[in-house]
Amino acid sequence: MSFREEHELHKRRFGRNLGLGLVLAGFVALVFGLTVAKVSNDDFMVPTQQQEGK
Amino acid sequence: MSDASLNSASQAASAPSGEAGFGDFFALLKPRVMTLVVFTALVGLLAAPMAVHPVVGLAAILFIAVGGGAAGALNMWWESDIDAVMKRTAKRPIPAGKVSRDEAFAFGITLAVFSVVMLWLATNALAAGILAFTIFFYVVIYTIGLKRWTPQNIVIGGAAGAFPPMIGWAAATGTVSIESVLMFALIFMWTPPHFWALALFMRGDYDTAGVPMLTVTHGRKSTRLHILVYTVLLAVMAVGAAFTGIGGPVYLAVALVFNALFLRDAVAIWRRDETRAEADNYRVEKRAFRLSLWYLFAHFTAILAEAALSGLGLGGWA
């Protein structure tokens, strides 16, 4: 079975998908970094559970 | 609006959608304008008296940049008819037929909401609120409202480009203070002479597009006088800022040099007429435009230098 030659359109789509993938990966890394920065802040406090009836 | 612009707009609107490259969408964000947004926001963030965690600072600058880019995309969505008939903007993604108007609108709106929400989560509500207002001001007040009906479009619209250092400052401190208002004022006063110098040598572009720039409505002689008046006001404000919280000896030295150079060019522009300007292909106007870019960069670098020196106990006049 032979593969058809890749069209210019496919290269453009691949470039767009790759770019979007990298942006999303960067965003995930940034949110992770933000979480670590905020949790390790001295002012950070874990919300206390409310007791029933209060 | 001319027939040519209407035709171009309809062509742009019917461009094949869904096949634009990554670079075409990136171009919608106006990357060159974004560099100014990033730089001035960064100075606002770093000049603030409160330390910010590096990751939070990075995230804040990134989301401010994305918000600025979203405003740029929405500006291109609305102005695709003007862009198509202006030589300077004809190759932008929408008039070039690479991105459809609907795609640009969806892209811009999505990024605008995303950037405001993320800046809020990363920093505080005030910074996010100013970013939201900046996008609204640039897209609705300037692009949709003012640009096509008043020659003062650049003066009032310049406020949109002046907000980033204020957002950076608010991201760090959670407040608006006199220092951040001064940084805002510096860009606000700088914008009119910067753009009017451009309008003088991009001769014909704005006329063709029917944008009521000062050069079109009041003539080029009046524009030259306006550049001089605004540059004098800018110089007074910029040098005066040296004696405030963001200033100091380093800033004063930079401000004196660059304002003297900018004033020299503004006077030269005012004294020239069109015949002389055409004869040397707008040499002085082009020089003033290039200088104006260095002018802003130098002033904000000096503000940053003063902030860095004050961290060592050397900044300001104390």
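## Exercises on helix packing and core contacts

**Exercise 1.** In this predicted model, B:Ile64 is in contact with which residues, leaving aside its neighbours within four places in sequence?

*Solution.* Leaving aside neighbours within four places in sequence, B:Ile64 is in contact with B:Val37, B:Ala41, B:Leu119, B:Leu131, B:Pro164, B:Ile167 and B:Gly168. Next, place B:Ile64 in the nonpolar core: the largest one has 105 residues, and B:Ala60, B:Ile64, B:Ala73, B:Leu119 and B:Ile167 touch the most other members. Helix 10 (residues 178-201) of chain B contributes 14 residues to this core, the most of any element.

**Exercise 2.** Describe how helix 3 of chain B and helix 4 of chain B cross, and which residues meet.

*Solution.* Start with the geometry: the axes of helix 3 (residues 31-47) and helix 4 (residues 54-78) of chain B come within 9 Å and cross at roughly 145°. The crossing of these two helices of chain B is right-handed. Then take the residues: those of helix 3 of chain B include B:Val37 and B:Ala41, and those of helix 4 of chain B include B:Ala60 and B:Ile64. By class, this contact between helix 3 and helix 4 of chain B has eleven nonpolar, four polar and no charged residues.

**Exercise 3.** Classify the packing of helix 14 of chain B with helix 16 of chain B.

*Solution.* Helix 14 (residues 249-271) and helix 16 (residues 283-311) of chain B pack at about 170°, with axes 9 Å apart. Helix 14 of chain B is therefore roughly antiparallel to helix 16 of chain B. Their crossing is left-handed. The contact residues of these two helices of chain B divide into 19 nonpolar, two polar and four charged.

Definitions and conventions:
Residues are numbered from 1 along each chain as its sequence is written. Chains are lettered from A and ligands numbered from 1 in the order in which they are written. This is a predicted model: local features need pLDDT of at least 70, side-chain atom pairs count only at pLDDT 80 or more; totals for chains, interfaces and linings use all residues. Axes are lines fitted to C-alpha atoms, for helices over the stretch in contact, and angles run from 0 to 180 degrees between N-to-C directions. Helices (H or I, at least four residues) and strands (E, at least two) are DSSP runs, numbered from the N terminus. Angles under 35 degrees count as roughly parallel, over 145 as roughly antiparallel, 65 to 115 as roughly perpendicular and the rest as oblique. A crossing is left-handed if the near helix is turned anticlockwise from the far one by less than a right angle, and right-handed if clockwise. Ala, Val, Leu, Ile, Met, Phe, Trp, Tyr, Cys and Pro count as nonpolar, Asp, Glu, Lys and Arg as charged, and the others, Gly among them, as polar. A nonpolar core is a set of buried Ala, Val, Leu, Ile, Met, Phe, Trp, Tyr and Cys residues joined through C-beta atoms within 7 Å. A residue is buried if 20 or more other C-beta atoms lie within 10 Å of its own, exposed if 12 or fewer, and partly exposed in between; C-beta atoms are placed from the backbone. Two residues are in contact if their C-beta atoms, placed from the backbone, lie within 7 Å.
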